[in-house]
Amino acid sequence: MGAKVSACPAEIRKLLRAYNLLVATRDDQRVLIGQVSREWLKSESEHFLDLARVPDGVLNTVRGRQIVCDTLMPDFDADAERMAFESLVAQIRDSGKRISSNCLAKLEPSIAAEVLLGVMLKGVQKYGNRRRGSSIIEDDLIIAAMIRDTPGQTDRYSAVMPANRRKISETVIAGLFGENVCRHMKALRESYRSFLTHYQQGQCHALKLPRAHANVIA
């Protein structure tokens with residue numbers, strides 16, 4: 001894996017580092033798909049669920065179908081995509097089978113939102129300005145926008161013991177992504193504060209932001 005990453009262009013390596021940093025600092029901000037108790041969410045421990053209680057919408061996915069096949073037909077190498085979902089549902093109701101909650105897919109909405117922001121800004125960079133591309137959206141600005149809220153957060157993967165985990169600082173950011181990303185982050189924070197002030201005072205008409213920052217905030 002390391003060899004593959006090292007062969008990537010510099011901007012791809014930075015995007016991967018940005019995603020890894022988001023995961024490391026927001027790994028506790030997850031949502032479980034399906035019906036589980038509040039106690040499970042609080043403890044984030046393994047929990048066993050009746051397969052029949054998991055909503056059909058969760059099971060009628062690539063991952064959900066595979067779980068159903070593995071649970072109902074553990075001794076067969078069933079092709080989950082070829083199985084008729086309606087017949088599987090009928091078997092589920094009468095099976096009495098239970099599954100570990102760790103099998104179900106998890107959503108990481110805050111991470112997904114930042115990744116989506118990066119994708120949208122990349123689209124502006126490549127196809128904005130009437131499909132001619134927008135040079136004002138730098139790669140480092142995209143990274144800065146994605147990780148703008150990580151300073152001050154804890155890197156949950158930096159140590160086994162919580163007391164030893166590092167806090168993300170501008171020094172850490174500079175080491176991972178370079179000083180230019182840090183400069184963009186500071187400038188973005190200033191622009192966002194200015195935007196909020198003008199918005200709350202109903203004076204957006206007087207707001208003057210760099211075009212690149214306006215794209216990020218929008």
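Threonine 197 lies in helix H10 of this predicted model. With a relative accessible area of 37%, threonine 197 is partly exposed, since that value falls between the 20% limit for buried and the 50% limit for exposed. Its C-alpha atom is separated by 9.4 Å from that of leucine 207, a residue 10 positions away along the chain.

Helix H10 covers residues 179-200 and belongs to a chain with 11 helices and four strands. Of the 218 residues in that chain, 33% are buried. Among contacts in the chain with a separation of 6 or more, 63% are between residues 24 or more positions apart.

**Aromatic residues of H10**

Two aromatic pairs are counted in the model. One of them joins tyrosine 192 and phenylalanine 195, with ring centres 6.2 Å apart and planes at 25° to each other. The pair is classed as stacked because its angle is under 30 degrees. Tyrosine 192 and phenylalanine 195 are three residues apart in helix H10, so about one helical turn separates them. Both are partly exposed: tyrosine 192 has a relative accessible area of 42%, and phenylalanine 195 has 22%.

Phenylalanine 195 also pairs with tyrosine 199, again in a stacked arrangement, at 5.9 Å centre to centre and 25° between the planes. Here the spacing in helix H10 is four residues, so this pair too is separated by about one helical turn. Tyrosine 199 is exposed, its relative accessible area being 55%, because that value is over 50%. Tyr192, Phe195 and Tyr199 together form one aromatic cluster.

| Residue in H10 | Relative accessible area | Class |
|---|---|---|
| Tyrosine 192 | 42% | partly exposed |
| Phenylalanine 195 | 22% | partly exposed |
| Threonine 197 | 37% | partly exposed |
| Tyrosine 199 | 55% | exposed |

**Packing of H9 against H10**

Helix H9, residues 170-177, packs on H10 at an angle of about 130°, and the two axes are 7 Å apart. H9 is therefore oblique to H10, because the angle lies between the 115 degree limit for roughly perpendicular and the 145 degree limit for roughly antiparallel. On the H9 side, the contact is made by Glu170, Ile173, Ala174 and Phe177. H10 contributes Glu179, Val181, Cys182, Met185, Lys186 and Arg189. Sorted by class, the contact of H9 with H10 holds six nonpolar and four charged residues, with no polar ones.

**Packing of H8 against H10**

Helix H8, residues 139-146, also meets H10; their axes come within 8 Å and cross at roughly 60°. This makes H8 oblique to H10, since the angle lies between the 35 degree limit for roughly parallel and the 65 degree limit for roughly perpendicular. The crossing of H8 and H10 is right-handed. The H8 residues in the contact are Asp140, Leu141, Ile143, Ala144 and Ala145. Those from H10 are Asn180, Val181, His184, Met185 and Leu188. In this contact of H8 with H10, seven residues are nonpolar, two are polar and one is charged.

Which residues of H10 take part in both contacts? Val181 and Met185 of H10 appear in the contact with H9 and also in the contact with H8.

Notes
Residues are numbered from 1 along each chain as its sequence is written. This is a predicted model: local features need pLDDT of at least 70, side-chain atom pairs count only at pLDDT 80 or more; totals for chains, interfaces and linings use all residues. Side-chain values use heavy atoms; hydrogens and water are left out. Axes are lines fitted to C-alpha atoms, for helices over the stretch in contact, and angles run from 0 to 180 degrees between N-to-C directions. Helices (H or I, at least four residues) and strands (E, at least two) are DSSP runs, numbered from the N terminus. Contact means heavy atoms within 4.5 Å. Ala, Val, Leu, Ile, Met, Phe, Trp, Tyr, Cys and Pro count as nonpolar, Asp, Glu, Lys and Arg as charged, and the others, Gly among them, as polar. A crossing is left-handed if the near helix is turned anticlockwise from the far one by less than a right angle, and right-handed if clockwise. Rings of Phe, Tyr and Trp (its six-membered ring) pair if their centres lie within 6.5 Å; planes under 30 degrees apart count as stacked, over 60 as edge-to-face and the rest as tilted. Buried means under 20% relative accessible area, exposed over 50%, partly exposed in between (1.4 Å probe, protein chains only).
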